[in-house]
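Reader: I have a chain on my screen and some terms to check. Take me through the reasoning behind each one.

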Amino acid sequence: MKWDALCRPLNRRSLFLPVIFAAAVSASLAYAQDGQSSPREPGPVFSESGPDAELYGAAEGYPVGTRGTATQLDKLVGVYSHFGDIYPSRTVRRAAAPWQFKRAPEPSIAYSFNNERLSIADYLKRNPVTGLLIARDDTILYEHYQYARTDRDRFLSQSMAKTLVAMLVGIAVSEGQIKSIDDVVSTYVPGLAGTEYGSTSIRALLNMSSGVEFSEVYDGKDDIARLGRALFGGEAKDPAAIVAQFNNRTAPAGTRWHYASVETEILGLVLRSATAIPLTDYLHDRIWGAIGTEADASWAIDGSGQEIAFCCFNATLRDYARLARLLANDGVWEGRQLIPRQWLLDATTVRPADGHLAPRVATPYFGYGYQVWILPGEQRRFALLGIRGQVILVDPASKLVMVHTAVRQKPFEPGSLREPLALWSAVLQQLGQ
């Protein structure tokens, strides 16, 4: 996806505009029709409405629909919170003993955007957000839901799942199940021997730098549409044979960044072969159970039973926040190193030799690491992104994280990341001290 266009014309100066401080307010545990509440005990705030609620099916209770209607505007809210009920999926079991966030009174956050001074309440009124959560390490500061969604709903990750896959690759390397990320793919996926992807290194796939041609413009006729139809079609096809159809190299591996979801799909095949267990089980055993998740998650599977690695993980907002907290702490959870620290540093830092991955080079704004987006600036900050407004932003220095799920009307909307990033900048300035 051309994520650079999603950020135009944002520049560094606009990301760091000053913010104003306001009195802290507490969130209500009950439904609040306008997203606001009088001071009470801190907790999640729920709204039955949201921007353009009628277009999103409010009168019908935000219907879920079917696979055939999943992209219709009036079904998006339902689909993006019930994806695992519509498509075949495998469960990722919650933790045996949930870990609980602390809570603090809700701060009133102000941000600047397009020469306007706006509040976080304005943000929710302007953007089709289903859930927005801000936390600092072990404490939730803000948790709001719109369109009658709740803290029990499992929200679709879209491509945020890619970062999960990369973290599992790092764990598999540390366990010796993957010998080296400089190994070529066919070492682990014999079905890709003799293909361009088969002769590509795992590292190049992690960096989306294979040099193999793959189009992802979301017009229904591109390569991502072909890949999706094959994987979601329900037929028990060999996934290696499906990805092997993309077999035209246009640049040497490791020289050019190009977003291609098929490369994460291949990483999923590498993981399945190397670990000999499904991705869902590996995720549960290494991460999901260990971070004290409170709800089962799910991951969509193809007709062969393989997890669709490039997308379609589903989890509650607070469980996404637990994952974000793990990443903010460089893989450590309550004193236990779950993801190798060096792997996370490597995943979120561009090596000097990989200038094509640098922020403002790979795209006019973001850089790219191991299936993760790297923000410009001296501080190491990074993001997980998915179409239609799925965003997790992480600042390891302050341990601030922001989880943002949404139902934007189009998969790809130029400039749509500008306002979330402006809000994130304000969060860092106001709360990151």
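Reader: How many helices and strands does the secondary structure of the chain come to?
Author: The chain has 14 helices and 17 strands. The model is predicted.

Reader: What makes the chain as compact as a globular protein of that length?
Author: Its radius of gyration is 20 Å, and the globule rule gives 22 Å for 433 residues. The two values are close, so the chain is as compact as a globular protein of that length. The C-alpha atoms fill a box of roughly 65 × 45 × 45 Å along the principal axes. Buried residues make up 61% of the 433 residues.

Reader: Why are β2 and β8 said to stand at the edges?
Author: Start with the strand order. The open sheet has 4 strands, in the order β2-β9-β10-β8, with antiparallel pairing. β2 (89-92) and β8 (155-156) each have a single partner strand, so one side of each is left without a neighbour in the sheet.

Reader: How do you know that β8 and β10 pair?
Author: Pairing needs at least two bridges. β8 and β10 (residues 313-315) have 2 bridges, in the antiparallel sense. The cut-off is at least two, so the 2 bridges here meet it. Phe155 has Ala315 in β10 as its bridge partner.

Reader: Which helix lies across β8 and β10?
Author: Helix α12 (residues 317-328) does, running at about 110 degrees to β10.

Reader: Which residues touch the most other members of the largest nonpolar core?
Author: Ile134, Leu227, Ile287 and Phe313 do, in a core of 139 residues. Helix α6 (residues 161-174) gives the largest share of this core, 9 residues.

Reader: What does Phe313 touch, leaving out residues up to four places away in sequence?
Author: Its contacts include Val92, Phe155, Leu156, Ala161, Leu164, Trp288, Trp299 and Tyr320.

Reader: Why does Asp222 count as buried?
Author: Buried means under 20% relative accessible area. Asp222 has 4% relative accessibility, so it counts as buried. Asp222 lies in the loop between α7 (202-206) and α8 (223-232).

Reader: What makes the approach of Asp222 to Tyr218 a polar contact?
Author: The cut-off for a pair of N or O atoms is 3.5 Å. The side chain of Asp222 reaches the backbone nitrogen of Tyr218 at 2.6 Å, so the pair is within that cut-off. Not counting residues up to four places away in sequence, Asp222 touches Ser215, Glu216 and Val217.

Note on methods:
Residues numbered from 1 in each chain as written. Predicted model: local features only at pLDDT ≥ 70, side-chain atom pairs only at ≥ 80, totals over all residues. Heavy atoms only, no water. Contact = heavy atoms within 4.5 Å. Axes fitted to C-alpha atoms, helices over the stretch in contact; angles between N-to-C directions. Core = buried A, V, L, I, M, F, W, Y, C linked by side-chain atoms within 4.5 Å. Buried < 20%, exposed > 50% of the residue type's maximum accessible area, 1.4 Å probe, protein only. Polar contact = N/O pair within 3.5 Å; in protein donor to acceptor, adjacent residues only side chain to side chain. Rg over C-alpha atoms; globule rule 2.2 N^0.38 Å.
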